Amino acid sequence: MKPVLGARGGTGSWLLQRGTALGMALAVPLFIGALVLHAPFDFTSWRAFVSLVPVRLALLLTGMALALHAWVGMRDIFMDYVHPVMLRLLLKGLVILVLLASVLWLATIMWGVA
Amino acid sequence: MSPLPRPVYLDLCRIHLPLAGWVSILHRLSGAVLFLGFPFAIWLLSISLAHESGFAEVRAWLALPLAKLALLGLVWLFALHYFAGLRHLALDVHWGTSLTAARRSSVGVLVLSGAATLVAAWGVFV
């Protein structure tokens, strides 16, 4: 991760965190609005709603943005509070694993719901 | 040339954190909790979409009073993170960096996130 994001003194990560924040800040109210408009849901209408292409795309993109955003945030927390190198590496590895698995899981759900 | 000795006072129990400081640390804390919630949200999404009984199961879980409270707690943390994040984005471009403006915006973050939670509570309990 470091050569990709951290090589410019953190400017890349900083921008990534703010960019994903802006994107999600716009997506979340829109998504809540769409939910409220389509509510109430039963199984069939819920599945039909999520299988709409814009909804699937928005969920997947938001999930990916969230993973990148959370990665920068969790890394910042570890850099501030976890100083033993091995422990910090272990925690960073765990965070990457959780985020990567979550996004892949989300992608398979979005793939399968069509 | 060695740097001037500065007073160091890190007795965490006695440091009086200003409101903006509380909003800042709550932003970080809520972010960490939301990170933990991310896989669970996807898990719930997966179950609710898989089959009819899964949807009914998720609905039944969310009808439990304890689950409703937990959900509202998450809504509050999310709203707090959302509004405090917008505040940080504004501060990044030097909007509202004066002391009074920063104090006012941190009150605004708490008020807005509280209001969002009340709206959610109305939706969940009424």
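Which pattern does chain A follow when read along the sequence? Select chain A and trace the chain from its start: the pattern is α-α-α-α-α, and the secondary structure comes to five helices and zero strands, where helices (H or I, at least four residues) and strands (E, at least two) are DSSP runs numbered from the N terminus. What you see is a predicted model, in which local features need pLDDT of at least 70 and side-chain atom pairs count only at pLDDT 80 or more, while totals for chains, interfaces and linings use all residues. Residues are numbered from 1 along each chain as its sequence is written, and chains are lettered from A and ligands numbered from 1 in the order in which they are written.

Stay with chain A and turn to its overall form. Its C-alpha trace spans about 50 × 25 × 20 Å along the principal axes. The radius of gyration, taken over C-alpha atoms, is 17 Å for chain A, well over the 13 Å that the globule rule (2.2 Å times the number of residues to the power 0.38) gives for 114 residues, so chain A is more spread out than a compact globule. Buried residues, meaning those with 20 or more other C-beta atoms (placed from the backbone) within 10 Å of their own, make up 18% of the 114 residues in chain A.

Next, select α2 of chain A, residues 11-38. The 28 residues of α2(A) should span 40 Å at 1.5 Å a residue, a span that is reckoned from one less than the number of residues, and the end C-alpha atoms of α2(A) are 40 Å apart, which agrees. Within this helix, highlight A:Ser13, A:Gln17, A:Thr20 and A:Ala21, which are its buried residues.

Now select chain B. Here the secondary structure comes to four helices and zero strands, and the C-alpha atoms fill a box of roughly 70 × 30 × 30 Å along the principal axes. Of the 126 residues in chain B, buried residues make up 18%.

Finally, show both chains together. Counting two residues as in contact if their C-beta atoms, placed from the backbone, lie within 7 Å, 20 residues of chain A are in contact with 18 residues of chain B. On the side of chain A that touches chain B, α2 (11-38), α3 (43-50), α4 (53-81) and α5 (85-112) each supply at least two residues. That side divides into 16 nonpolar, two polar and two charged residues, with Ala, Val, Leu, Ile, Met, Phe, Trp, Tyr, Cys and Pro counted as nonpolar, Asp, Glu, Lys and Arg as charged, and the others, Gly among them, as polar.

Conventions
A residue is buried if 20 or more other C-beta atoms lie within 10 Å of its own, exposed if 12 or fewer, and partly exposed in between; C-beta atoms are placed from the backbone.
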